Amino acid sequence: MSAETVHSAPSVTPPAVSVLVPAKDEAENLPLFLQLCQETFAARPETYEVIVIDDGSADDTAKVLASLVPQYPFLHVVHHRSQRGIADALRSGFLVARGDVLVFFPADLQFKPEDIPRLVAPILAGESDMVTGFKQGKYEKAFVSGIYNGLSRALFHIPVRDLNNVKAYRREIMEDQPARPDWHRYMIVLAAAQGYTVTEIPVPLYPRHAGKSKFGLSRIPIGVLDMLAVWFELRF
């Protein structure tokens, strides 16, 4: 399926960091999210761009983004005509991203843009190839996430507590990811297996600003099967 890209006026110099933001029905969250991004980036020496991937939203996400593009020179938008999932959204964002450091960050404001510079700092300083956040705070998926992360650590022996969270990573890590469904859940595992270094930092978690969680219990058995498939692939 095709994706349509809408850019604000491009800058001559590519940014240091590209923030990839998958968004499904996030019309209520995007204005504040981008306002907070602008406030954060204004105080930073490194340069940023934000690429919002509208993943087939059924609400006014497309209209809201069209109104925001003229306000924020760092904003670029990619539209999927139908929902394709986070993995495809990140891939579409990557294809138009210009930064050497990429960040996976949601639009629901459970994580605040003020923490993006903390994620990218170890990479820009040459101290790590990938930085993942460890959730600080209560959240409704804590039990399921605990099981998932426990199984992942047992199978893959990765020394981080939260494999599926906000993260920053060098561009070449994305280039090396396989074209498989839900690969984003195992990005840390796959990157570590290829010799990339991984660092973990605590990141505060907040209640959703608006909208509903896209998480469903039906993903649990699929996630376990995917985990076993990745383990088998890496092992054999």
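The buried residues of helix α2 pack against α1 (30–42), β3 (48–55) and β4 (75–80), and that is a handy place to step into this predicted model. Helix α2 itself covers residues 61–68, and its buried members are Thr 61, Val 64, Leu 65 and Leu 68. Looking down the axis of α2, these buried residues fall within an arc of 100°, so they line one face of the helix. The general rule behind such a pattern is simple: an α-helix has 3.6 residues a turn, so residues three or four places apart point the same way. Turned away from the buried side of α2 is a face that carries Lys 63 and Ala 66, both exposed.

Stepping back to the whole chain, there are eight helices and eight strands. Of the 236 residues, 49% are buried. As for how the chain meets itself, take the contacts with a separation of 6 or more: 82% of them join residues 24 or more positions apart. The accessible surface adds up to about 11,200 Å², and carbon and sulfur atoms account for 57% of that.

Next comes the inside. The largest nonpolar core has 37 residues, and those touching the most other members are Val 19, Val 50, Leu 75, Val 103, Phe 105 and Leu 119. Quite a few elements chip in, with at least two residues of this core coming from each of β2 (17–23), α1, β3, α2, β4, β5 (101–104), α4 (116–124) and β8 (198–204). The most generous is α1, which gives five residues to this core. Apart from this core lies another, made of 24 residues, including Phe 94, Leu 102, Val 160 and Ile 173.

Leu 119 deserves a second look. Leaving out residues up to four places away in sequence, Leu 119 touches Val 103, Phe 105, Val 131, Thr 132, Gly 133, Val 166, Lys 167, Ala 168, Ile 201 and Val 203. Leu 119 is one of the buried residues of α4, alongside Ile 116, Pro 117, Val 120, Pro 122 and Ile 123. After α4 comes Gly 126, which has a positive phi, near 75°.

Charged side chains pair up as well, with a count of seven salt bridges. One of these involves Arg 118 and Asp 115, whose side chains meet at 3.0 Å, N to O. The two partners are not equally covered: Asp 115 is buried, at a relative accessible area of 5%, whereas Arg 118 is partly exposed, at 34%.

Another salt bridge links Glu 175 and Arg 171, with their closest N and O atoms 3.9 Å apart. Both sit in helix α6 (residues 171–175), and because they are four residues apart there, about one helical turn separates them. Here too the cover is uneven, since Arg 171 counts as buried with a relative accessible area of 18%, while Glu 175 is partly exposed with 48%. The cut-off matters for Arg 171, because buried means under 20% relative accessible area.

A further salt bridge brings together the side chains of Arg 84 and Asp 88, at 3.6 Å from N to O. In this pair, Arg 84 is partly exposed, with a relative accessible area of 24%, and Asp 88 is likewise partly exposed, with 33%.

How values were computed
Residues numbered from 1 in each chain as written. Predicted model: local features only at pLDDT ≥ 70, side-chain atom pairs only at ≥ 80, totals over all residues. Heavy atoms only, no water. Buried < 20%, exposed > 50% of the residue type's maximum accessible area, 1.4 Å probe, protein only. Arc of directions from axis to C-beta. Contact = heavy atoms within 4.5 Å. Areas by Shrake-Rupley, 256 points an atom, 1.4 Å probe, with all protein chains shown as cover. Core = buried A, V, L, I, M, F, W, Y, C linked by side-chain atoms within 4.5 Å. Salt bridge = Lys/Arg side-chain N within 4 Å of Asp/Glu carboxyl O.
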